[in-house]
Amino acid sequence: MQKIGVFVCWCGSNIAATVDVEAVSQALAQEPGVVFSTNYQYMCSQTGQDLIRDKIKEYGLTGVVVCSCSPRMHENTFRKTCEKAGLNPYMVEIANIREQCSWIHKDKAEATEKAIILGRAAIAKVQLNAPLQAGTSPVKKRALVIGGGIAGIQTALDIADAGFQVDIVEKKPTIGGKMTQIDKTFPTLDCAACILTPKMVDCAQNENIHIYAYSEVEAVKGFVGNFKVTIRKKARFVDTTKCTGCGLCTEKCPQKKVPNEFNLGLDNRRAIYIPFAQAVPKVATIDPDYCNMLKNGKCGVCAKVCGANAIDYKQQDELIEEEYGAIVAATGFNPIDLSKFNEFGYSQSPDVVSSLEFERLMNAAGPTGGTLLRPSDGKHPHTIVFVQCVGSRCDGGEKGKPYCSKICCMYTAKHAMLCREKYPDTDVYVFYIDVRTPGKNFDEFYRRAVEEYGVHYIKGMVGKVVPENGKLKVQASDLLDNRQLHIDADMVVLAAAIEPDKSARPLATMLTASMDTNDFFTEAHPKLRPVESPTAGIFLSGACQGPKDIPETVAQAGAAASKVIGLLSKDHLLCNPCTAQPDEMMCNGCSSCEKVCPYGAITYIDKEFRGPNRTTLLRRVAQVNPAVCQGCGACTVACMSGAMDLKGFSNRQIMAEVDAICK
Amino acid sequence: MQVNKEWTPTIVAFCCNWCSYAGADLSGTNRLQYPANVKIIRIPCSCRLNPMFILRAFQRGADGVILCGCHPGDCHYTTGNYYARRRMTLLFSMLEYLGIERERTRVEWVSAAEGAKFAATMNDFVKTVTALGENKRLEDLRCKE
């Protein structure tokens with residue numbers, strides 16, 4: 001019989017307001033094996049932890065039950081406390097009486113009764129707990145960053161600076177991400193390319209960084225410290241070691257009618273292309289969907305003009321296997337598809353553009369060379385209407401997103417300001433629900449747009465945009481003046497909501513990292529662990545975790561890098577000791593457990609056992625490699641002879657909990 | 001047994017550590033109410049649920065048992081919930097054969113972000129089991145004091 005101590009936490013009033021903590025500690029004191037039971041205001045505080053430690057020593061406790069918040073919150077805290085008092089950390093069980101009791105019930109009697117039952121279940125379990133020792137596994141000192149935008153670049157640079165090897169996997173032909181398409185950045189109006197391209201070059205030149213551009217992650221196996229990743233390097237049909245990036249092929253290619261995705265289809269590129277002048281790596285890529293040579297074997301111009309002899313029409317996708325200790329997801333965002341928003345006429349008129357398209361139209365490296373011209377007739381627009389929150393903050397609608405996209409208020413202020421600065425004769429209207437400018441120098445920036453640049457900010461939504469006689473008839477409401485407005489605009493710019501990149505969902509499945517309902521990656525704790533995924537060894541950087549502007553993305557990228565560095569600087573990691581363990585006497589060597597193990601942790605050996613009359617028997621029995629086993633427990637159920645059990649969650653322990661709950 | 005108190009069912013919910021237990025925590029964090037007769041047991045993965053545990057719960061007087069795990073494809077251990085799904089399909093048809101109403105058992109996929117779904121599922125399940133009444137068929141009265 002264990003000597004168990006029960007510690008009931010009030011959590012201030014979080015638990016104590018709905019659960020009679022005194023009654024709980026008294027009731028649990030009557031349970032078999034309980035030698036001490038008490039309650040305290042904050043069990044996780046230093047005083048609370050000291051209390052647990054003192055009582056372990058005073059009563060010689062062999063098991064501890066803490067009735068408090070979720071074990072996901074403080075299980076480790078209390079395990080460490082007990083370890084310091086000389087008790088094996090796995091002799092602690094948590095009864096979750098906050099998240100799963102006091103917070104969800106209003107009736108005090110009911111909640112108290114439930115808390116007692118949950119406490120009983122934990123006591124029944126701890127009776128059967130056994131001390132466990134965590135093993136260790138080595139750490140592969142190499143990190144993988146998935147996504148080569150500003151988030152991925154910054155993370156990789158910071159990890160590389162600490163002296164660790166980093167690989168960046170980017171699905172596009174060049175790293176740089178969305179920031180390469182941006183003209184100027186708020187609130188300083190400095191040129192995006194001027195601050196980004198040096199970082200891209202740093203990445204390429206850093207000897208600790210290897211860039212897999214035009215590549216995708218195909219499969220991820222393993223666990224923290226020992227991930228095995230398969231990377232598909234897509235065929236560029238250009239030998240990257242030979243290509244000098246001179247760009248001659250991109251001028252001579254006869255296939256001129258390929259929509260240029262870098263300019264969001266506002267102009268065309270060739271079938272062989274370099275996305276933009278500062279691309280890293282600066283090598284050409286053949287688009288197999290448009291290349292005449294690849295499609296029907298008739299052309300070969302690029303191969304003829306290439307002085308470096310780099311064109312290889314027979315190139316195949318390449319699969320690369322690498323091992324990593326940590327993985328950072330930095331898959332970024334995309335603006336949502338606006339074609340669903342018929343009321344704004346996005347599909348009807350080329351002069352209704354998204355903000356990112358407008359960004360390209362303003363960019364000196366864009367399709368118009370930086371002169372703002374209407375896509376329909378190439379004329380200079382005189383009246384421009386900006387519509388905010390297109391698809392953001394749409395509650396319950398299928399078209400939009402429920403959240404605020406965070407960056408639109410600021411970039412719209414930037415666009416409006418730049419328009420007025422470059423072309424003072426234009427009238428600029430901005431329709432908004434709210435203007436949200438929480439950030440350093442953000443509100444000052446917005447006020448400058450209104451006060452100094454004379455941008456017309458109107459609170460209200462645009463109801464309809466109708467293309468008519470080369471103009472866009474904008475119908476809108478002015479909520480503050482309570483009147484309807486009709487504006488004949490030359491251009492309408494829609495601030496599209498941003499959503500996670502489509503590649504994030506399948507990646508999350510590969511990484512077994514969780515996502516929220518909007519497909520943003522979930523963090524391990526919304527406040528205290530914002531850059532870690534709940535899955536050990538997976539970290540989050542940038543807008544894949546939630547809408548973010550550039551400074552926030554860079555800050556989070558640095559934070560993720562420091563977490564990765566912390567992990568990689570360890571030589572060994574402690575393994576989860578709650579692993580499967582077979583009872584060799586009961587094992588009949590049937591292989592059922594081996595088949596269901598997702599990690600291949602189970603092997604078989606022939607072992608000698610003592611038989612009758614001093615004979616020896618050779619029997620085939622299962623062996624579990626504790627460094628590989630992750631403790632899911634699939635094998636324990638598959639085992640037909642009941643030989644396999646899971647440490648920390650044994651059959652007897654779980655059944656003891658069931659019994660305590662059903663009593 | 002208290003006779004004068006209105007009967008409420010005893011519900012055992014097995015939740016996988018990575019998705020559903022976190023989902024249950026989230027419904028707590030968001031203060032989404034569900035009846036107090038639901039008691040949660042944390043297991044590492046839905047595939048850890050031995051059918052024996054469900055039989056044990058019914059034997060000891062549970063009126064309903066629910067298993068919550070990660071959505072198919074999202075299992076922390078890659079394939080665990082697929083095994084759980086198959087095992088439960090077999091177990092539930094066996095229970096039905098034994099005369100245990102199909103509605104007393106349920107498998108639900110609840111992700112770590114679906115606190116609202118967890119609470120809604122529990123409310124619905126408690127309602128269903130309450131309508132069915134007490135589980136008498138598998139309960140072993142020798143286990144009761």
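How many residues from chain A and from chain B does the contact take?

1. The contact takes 42 residues from chain A and 43 residues from chain B, where two residues are in contact if their C-beta atoms, placed from the backbone, lie within 7 Å. On the side of chain A that touches chain B, α4 (98-102), α5 (108-127), α17 and α18 (651-662) each supply at least two residues, and α18(A) gives the largest share, 8 residues. By class, that side of chain A has 19 nonpolar, 14 polar and 9 charged residues, with Ala, Val, Leu, Ile, Met, Phe, Trp, Tyr, Cys and Pro counted as nonpolar, Asp, Glu, Lys and Arg as charged, and the others, Gly among them, as polar.

2. This is a predicted model, in which local features need pLDDT of at least 70 and side-chain atom pairs count only at pLDDT 80 or more, while totals for chains, interfaces and linings use all residues. Residues are numbered from 1 along each chain as its sequence is written, and chains are lettered from A and ligands numbered from 1 in the order in which they are written.

3. Chain B has 4 helices and 4 strands, these being DSSP runs numbered from the N terminus (helices H or I, at least four residues; strands E, at least two), and along the sequence they follow the pattern β-α-β-α-β-α-β-α. Its radius of gyration, taken over C-alpha atoms, is 15 Å, close to the 15 Å that the globule rule (2.2 Å times the number of residues to the power 0.38) gives for 145 residues, so chain B is as compact as a globular protein of that length.

4. Helix α3 of chain B (residues 80-97) has 18 residues and should span 26 Å at 1.5 Å a residue (the expected span being 1.5 Å times one less than the number of residues); its end C-alpha atoms are 26 Å apart, which agrees. Among its buried residues (20 or more other C-beta atoms within 10 Å of their own, with C-beta atoms placed from the backbone) are Tyr83(B), Arg87(B), Leu91(B) and Leu95(B). Seen down the axis of α3(B), the buried residues fall within an arc of 135 degrees (by the directions from the helix axis to the C-beta atoms), so they line one face of the helix.

5. On the other side of α3(B), Arg86(B), Thr89(B), Leu90(B), Ser93(B) and Tyr97(B) are exposed, meaning 12 or fewer such atoms. The cover over the buried residues includes α16 (592-596) and α17 (634-638) of chain A, together with α2 (51-59), β3 (64-69) and β4 (105-109) of chain B.
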